[in-house]
Amino acid sequence: MKMTEKVIDLHMHSVNSDGTFTTQQMIDMLYKKGADIISFTDHDSVGCYYDLKNGRAQLYPGVMLISGVELSCQFNGCLRDMLGYDISIPFINYYLNEKYSLEHRIEKQQYILEQLKSICKACDLLFDPSISVREGKKAEGFVVMYNELNRYQENVYRYPFIANNTQFYWNYFSNRDSEFFVDETYDLPTFSEAVDIIHQAGGKAFLAHPYAYGLEQNGVAQLVQTAVYAGIDGIELKHSSNKGSDVNNILDFAKHYHLLLSGGTDFHGITKPGLELVTGYGNMLVQYEEIEPWVKNVRNMEMEGNENILELWS
């Protein structure tokens, strides 16, 4: 039975990027949770929407689908994320295919994996040196090593953060001050370039999870200010990584810079144990009132019968 409040999740990842569930599996899970408004936001991929177009997945009636993507960006030499909503899927798909060929993506992820191997070897961590990437998906090099390191309890005993995907990724792998840092930003757009692409695709750009990067408050403030100067339309208010006063601080940023708000769990599947769609780690809910100012005007991709999902917008 549907809840009286709208059930919303505007941030999730499938096997089309670094998630572990297919588009249809996620749709089924969302249906069981009574989802009303959703968006698939794979890293540098709009594959979920082509799964729908090509019949590999199908929405349930009454679900509002907002087109989305999460573009990887560079900021001060570190990886950061920009969410794009209400975008033209064909436009973003063309941009991604032009910028990142399959051969390039595989080559990059294998390079990242080899760098991680060298670091882990120097730290005397246990792993199979023959592991490799296969598909060139976003963060595949990291995910392959993350899974491999966690096969050995000794690794986790010596470096407990290895067991926490999010902490390992943002506080160590993507942190220039960490011995586990690997630079994966060399071919990524700047904030301004990512925002421009999203705007060219007819969408709105939102700075993703400003408190997920392990920054101190002054670092978060600088990040938000830079994103504002780059032309963002909004900021992600609700996110599974938020703690303490993070939401209130983001509200202050939004009020000061006149930003729209978005929110979602950042669901990835089994690589983030305990994190569920819609509710995150159990205490996260996106309120419709928070996103209504822009969501009420988006192009709903709700499917009607066998209507081609990519014919609903240009």
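Visitor: Let me start with phenylalanine 173: is that one buried or exposed?

Guide: Phenylalanine 173 has 1% relative accessibility and therefore counts as buried, since buried is used for values under 20%. Please keep in mind that this is a predicted model, and that the values I give you are computed from it.

Visitor: And what about tyrosine 169, at what relative accessibility does that one sit?

Guide: Tyrosine 169 comes to 5% relative accessibility, so it counts as buried too. The two residues lie in helix α7, and because they are 4 residues apart there, about one helical turn separates tyrosine 169 from phenylalanine 173.

Visitor: Which residues are in the aromatic cluster with them?

Guide: The cluster is made up of Phe142, Tyr146, Tyr159, Phe161, Phe168, Tyr169, Trp170, Tyr172, Phe173, Phe180 and Tyr213.

Visitor: How many aromatic pairs come out of the count?

Guide: The count gives 21 aromatic pairs. One of them joins tyrosine 159 and phenylalanine 180, whose ring centres are 5.5 Å apart and whose planes stand at 80°, and because planes over 60 degrees apart count as edge-to-face, that is the name this pair receives.

Visitor: Where along the chain do tyrosine 159 and phenylalanine 180 lie?

Guide: Tyrosine 159 is in the loop between α6 (153–158) and α7 (165–173), while phenylalanine 180 is in the loop between α7 and α8 (191–200), so their pairing ties together parts that are 21 residues apart in sequence. Both tyrosine 159 and phenylalanine 180 are buried. Tyrosine 169 and phenylalanine 173, which you asked about earlier, also form an aromatic pair, but theirs is tilted, with 5.3 Å from centre to centre and 45° between the planes.

Visitor: OK, new topic, sheets. What's the strand order in the sheet of 5 strands?

Guide: That open sheet runs in the order β4-β5-β6-β7-β8, and its pairing is mixed. The strands at its edges are β4 (68–75) and β8 (260–263), each of which pairs on one side only. On average, and ignoring direction, neighbouring strands of this sheet are turned by 40° against each other.

Visitor: So in what sense do β5 and β6 pair?

Guide: Strand β5, which covers residues 78–85, pairs with β6 in the antiparallel sense, over 4 bridges. Methionine 82, for instance, stands opposite leucine 207 in β6.

Visitor: And how many bridges join β6 to β7?

Guide: There are 2 bridges between β6 (residues 204–207) and β7 (residues 234–238), and those two strands run parallel. Leucine 207 turns up again here, standing opposite isoleucine 235 in β7, while phenylalanine 206 has glycine 234 as its bridge partner in β7.

Visitor: What order do the strands have in the sheet of 3?

Guide: The order in that open sheet is β1-β2-β3, and the pairing is parallel. Its edge strands are β1 (8–9) and β3 (64–65), each pairing on one side only. Strand β2 (residues 37–38) is joined to β3 by 2 bridges in the parallel sense, and isoleucine 38 stands opposite leucine 65 in β3.

Visitor: Back to helices. At what angle do α4 and α5 pack?

Guide: Helix α4 (residues 102–122) and helix α5 (residues 140–149) pack at about 35°, and their axes are 7 Å apart. On the α4 side, the contact is made by Gln109, Ile112, Leu113, Leu116, Lys117 and Cys120, and on the α5 side by Glu140, Gly141, Phe142, Val144, Met145 and Leu149. Sorted by class, this contact of α4 with α5 has 8 nonpolar, 2 polar and 2 charged residues.

Visitor: How far apart are the axes of α9 and α10?

Guide: The axes of α9 (residues 217–229) and α10 (residues 246–257) are 12 Å apart, and the helices pack at an angle of about 35°. The crossing of α9 past α10 is right-handed. The residues in contact are Gln217, Val220, Ala221, Val224, Gln225 and Val228 from α9, together with Asn249, Phe253 and Tyr257 from α10. By class, the contact of α9 with α10 has 6 nonpolar, 3 polar and no charged residues.

Visitor: Last one: which residues is phenylalanine 91 in contact with, leaving aside its neighbours within four places in sequence?

Guide: With those neighbours left aside, phenylalanine 91 is in contact with Ile197, Gln200 and Ala201. Phenylalanine 91 lies in helix α3 (residues 89–99), and its C-alpha atom is 9.0 Å from that of isoleucine 197, although the two residues are 106 residues apart along the chain. The relative accessible area of phenylalanine 91 is 30%, so this residue is partly exposed.

Note on methods. Residues numbered from 1 in each chain as written. Predicted model: local features only at pLDDT ≥ 70, side-chain atom pairs only at ≥ 80, totals over all residues. Heavy atoms only, no water. Pairing = 2+ DSSP bridges. Axes fitted to C-alpha atoms, helices over the stretch in contact; angles between N-to-C directions. Left-handed = near helix turned anticlockwise from the far one by under 90°. Contact = heavy atoms within 4.5 Å. Nonpolar A, V, L, I, M, F, W, Y, C, P; charged D, E, K, R; others polar. Phe/Tyr/Trp six-rings, centres within 6.5 Å; stacked < 30°, edge-to-face > 60°. Buried < 20%, exposed > 50% of the residue type's maximum accessible area, 1.4 Å probe, protein only.
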